[in-house]
Amino acid sequence: LSDADVARVQALGLTDIIDLRSSEERVLAPTRLRGIRYTAIDYSMASMMPSTPAAMSDMTTLYRAIPQFLAPQMKIIFADMLAQKGPIMYHCSAGQDRTGVASAIILSALGVPRDTIIADYLLSTTYRHPENELPPISPAMAETSPVARMFAGYQNAPNARTPNPLHTADGRAFLNGAFDEIDARWGSVDGYLRAEIGLTADDIRRLRRAYTQ
């Protein structure tokens, strides 16, 4: 963020920032926003990644892990929403994978149709600017951790400024992996919200009354 960007964000009246990034990412790019309640949960990026090279190349596999992985952060987001504290911000680094799943869960809780959610998610490829996601990582920084080396590799790639499409070769959105896992493991998003986030049916009704017309 530039100084003007920081001023613009701070003028939004945010009451809470929930940082979905790993501990390594937060070291590479610490938040510059001050005077706003800030919440982050420590975890290593390696713990989120699939364990085999074949699975690593399949983004759908990664997406299947995200609903369970982000449950602690989702509890904070939904608690803030139920309290109607005011505007909140949640984000990761690219704003499409972890943030995309978090947004999909929120929109599903509010009753937004799944096709609409997926269409909205796919707009990330149109509007994303990878060059803005992290400050330049120097060769010295790249040696500090595997995560730093990974992001440095992204930054130095020939197509570094071009967002990758968020779907498989046959056109299926990666986000469907998260929905598939939720449906298989918890039966529905509402089932996930009850079992993992601790929301009641009344909580979900309250959310829909507060955030939809």
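The paragraphs below walk through a helix pair and two serines in this structure, which is a predicted model.

The helix pair consists of α5, spanning residues 71-83, and α6, spanning residues 98-109, whose axes come within 11 Å and cross at roughly 40°. That angle makes α5 oblique to α6, because angles under 35 degrees would count as roughly parallel and those from 65 to 115 as roughly perpendicular. The crossing of the two helices is right-handed. On the α5 side the contact is made by Met-74, Ile-77, Phe-78 and Met-81, and these meet Ala-102, Ile-105, Ile-106 and Ala-109 of α6. Sorted by class, the residues of this contact comprise 8 nonpolar ones, with no polar and no charged residues.

The next stop is Ser-124, which is found in helix α8, residues 124-127. With a relative accessible area of 18%, Ser-124 is buried, because the cut-off for that class is under 20%. When neighbours within four places in sequence are left aside, Ser-124 is in contact with Gly-95, Gln-96 and Leu-166.

Ser-47, by comparison, lies in a loop, the one between β2 (38-40) and α3 (53-56), and its relative accessible area of 47% makes Ser-47 partly exposed. A polar atom of the Ser-47 side chain lies 2.5 Å from the backbone oxygen of Ser-44. Farther along the chain, Phe-69 is 22 residues apart from Ser-47 in sequence, while the two are 9.2 Å apart in space, C-alpha to C-alpha.

Notes
Residues are numbered from 1 along each chain as its sequence is written. This is a predicted model: local features need pLDDT of at least 70, side-chain atom pairs count only at pLDDT 80 or more; totals for chains, interfaces and linings use all residues. Side-chain values use heavy atoms; hydrogens and water are left out. Axes are lines fitted to C-alpha atoms, for helices over the stretch in contact, and angles run from 0 to 180 degrees between N-to-C directions. Helices (H or I, at least four residues) and strands (E, at least two) are DSSP runs, numbered from the N terminus. Angles under 35 degrees count as roughly parallel, over 145 as roughly antiparallel, 65 to 115 as roughly perpendicular and the rest as oblique. A crossing is left-handed if the near helix is turned anticlockwise from the far one by less than a right angle, and right-handed if clockwise. Contact means heavy atoms within 4.5 Å. Ala, Val, Leu, Ile, Met, Phe, Trp, Tyr, Cys and Pro count as nonpolar, Asp, Glu, Lys and Arg as charged, and the others, Gly among them, as polar. Buried means under 20% relative accessible area, exposed over 50%, partly exposed in between (1.4 Å probe, protein chains only). A polar contact is a pair of N or O atoms within 3.5 Å; within protein, one must be able to donate a hydrogen and the other to accept it, and residues adjacent in sequence count only if both atoms are side-chain atoms.
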